[in-house]
Amino acid sequence: VAASKTPVLIEGESGVGKELVAQHLHRVSPRASRAFVDLNCAAVPGALLESELFGHERGAFTGAAAEKPGLVEVADGGTLFLDEVGEMAAEIQAKFLRVLDSGTFYRVGATKKRRADFRLVAATNRDLRAEVASGRFRKDLFFRVHGVRVVIPPLRERPEDVALLVEHFSRQLPQRHHFSPEALQALKRYDWPGNVRELHFAV
């Protein structure tokens, strides 16, 4: 799917490597020479998320001492990766849907309409279908972000990957660690509730 413009929704538990998949999609896409812009929707308070996405004009609100482009604008020509998209506040969902539908947006406090052409890759550890059913996520936005669905299984469901990941992470260390066959078997038997992220710290 990397060569297409179709939005991609990456689903999986926390720590399985959703952002790494998003980065790889960008690297092998026709947009690889342009920006890969990432935003964790869960890490930005709802009141600030609009400004982070769309930018703002000077004086748009208290503390806006200078104009600032938003991440939608920065991602023009490239890829916009929205991590934990299910955490996006309802009022921002409606405004972001308009960007996906028209390719246009306004900075906070602006009257000039701007355009941006980006490829959307979103990720979530939630069941967005359940979020739609409960009314916490807009159905129309769900259909726009759910172009191609990529599901990354938790590490406990793919123990054959453990040895490969251990080898990969150990090569990144200043002094390489060597694991005995017994140690690797013990690592494979562990459930890894923190998934690949937990394994990385363990190595």
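These legends walk through several close-up views of a predicted model.

**Figure 1. The whole chain, before we zoom in.** Let's start with the full picture: the chain has nine helices and nine strands. Its C-alpha trace spans about 65 × 40 × 35 Å along the principal axes. How many of the 203 residues count as buried, as a percentage? The share is 41%. Contacts also link parts of the chain that are separated in sequence: among contacts between residues at least 6 apart, 71% join residues at least 24 apart.

**Figure 2. Helices H2 and H4 side by side.** Find helix H2 at residues 46-54 and helix H4 at residues 90-102. Their axes come within 10 Å and cross at roughly 15°. Angles under 35 degrees count as roughly parallel, and H2 is therefore roughly parallel to H4. The crossing of H2 past H4 is left-handed. Which residues meet here? From H2 come Gly46, Leu49, Glu50, Leu53 and Phe54, and from H4 come Ile92, Lys95, Phe96 and Val99. Sorted by character, the residues of this contact are six nonpolar, one polar and two charged.

**Figure 3. Buried residues of H2, and the glycine that follows.** Stay with H2 for a moment and look for its buried residues: Leu49, Ser51, Leu53 and Phe54. Three of these names, Leu49, Leu53 and Phe54, also appear in the contact with H4. Just after H2 comes Gly55, and its phi is positive, near 80°.

**Figure 4. Helices H7 and H8 crossing.** Here the view moves to helix H7 (residues 160-171) and helix H8 (residues 181-189). Their axes come within 9 Å and cross at roughly 120°. H7 and H8 are therefore oblique to each other. H7 passes H8 in a right-handed crossing. On the H7 side, the contact is made by Val162, Ala163 and Val166, while H8 contributes Leu184, Leu187 and Lys188. Five residues of this contact are nonpolar, none is polar and one is charged.

**Figure 5. The two sides of helix H7.** Which residues of H7 are buried? Look for Val162, Leu165, Val166, Phe169 and Ser170. Seen down the axis of H7, the buried residues fall within an arc of 130°, so they line one face of the helix. On the other side of H7, Glu160, Leu164 and Arg171 are exposed. What do the buried residues of H7 pack against? Their partners are H8 and helix H9, which covers residues 195-202.

**Figure 6. His200 in helix H9.** His200 is found in helix H9. Is His200 buried, partly exposed or exposed? With a relative accessible area of 39%, His200 is partly exposed, because buried means under 20% and exposed means over 50%. Leaving aside neighbours within four places in sequence, His200 is in contact with Phe169 and Gln172. You have already met Phe169 as one of the buried residues of H7. For a sense of distance, compare His200 with Phe179: they are 21 residues apart in sequence and 14 Å apart in space, C-alpha to C-alpha.

**Figure 7. Two residues with a positive phi.** Here is a handy rule to carry with you: most residues other than glycine have a negative phi. Glu84 has a positive phi, near 50°, and is not a glycine. Where is Glu84? Its place is the loop between strand E5 (79-83) and H4. Glu84 counts as buried, at 10% relative accessibility. Asn195 is another non-glycine residue with a positive phi, of about 60°. Asn195 lies in helix H9, and at 0% relative accessibility it counts as buried.

**Figure 8. Thr124 and the residues around it.** Our last stop is Thr124, in strand E8 (residues 119-124). Thr124 has a relative accessible area of 1%, so it is buried. Which residues does Thr124 touch, not counting those up to four places away in sequence? The list is Leu9, Ile10, Glu11, Gly12, Lys18, Glu84, Val85 and Gly86. Look for Glu84 in that list, the residue from Figure 7 with its positive phi near 50°.

Definitions and conventions. Residues numbered from 1 in each chain as written. Predicted model: local features only at pLDDT ≥ 70, side-chain atom pairs only at ≥ 80, totals over all residues. Heavy atoms only, no water. Axes fitted to C-alpha atoms, helices over the stretch in contact; angles between N-to-C directions. Helix = DSSP H or I, 4+ residues; strand = E, 2+ residues; numbered from the N terminus. Parallel < 35°, antiparallel > 145°, perpendicular 65-115°, else oblique. Left-handed = near helix turned anticlockwise from the far one by under 90°. Contact = heavy atoms within 4.5 Å. Nonpolar A, V, L, I, M, F, W, Y, C, P; charged D, E, K, R; others polar. Buried < 20%, exposed > 50% of the residue type's maximum accessible area, 1.4 Å probe, protein only. Arc of directions from axis to C-beta.
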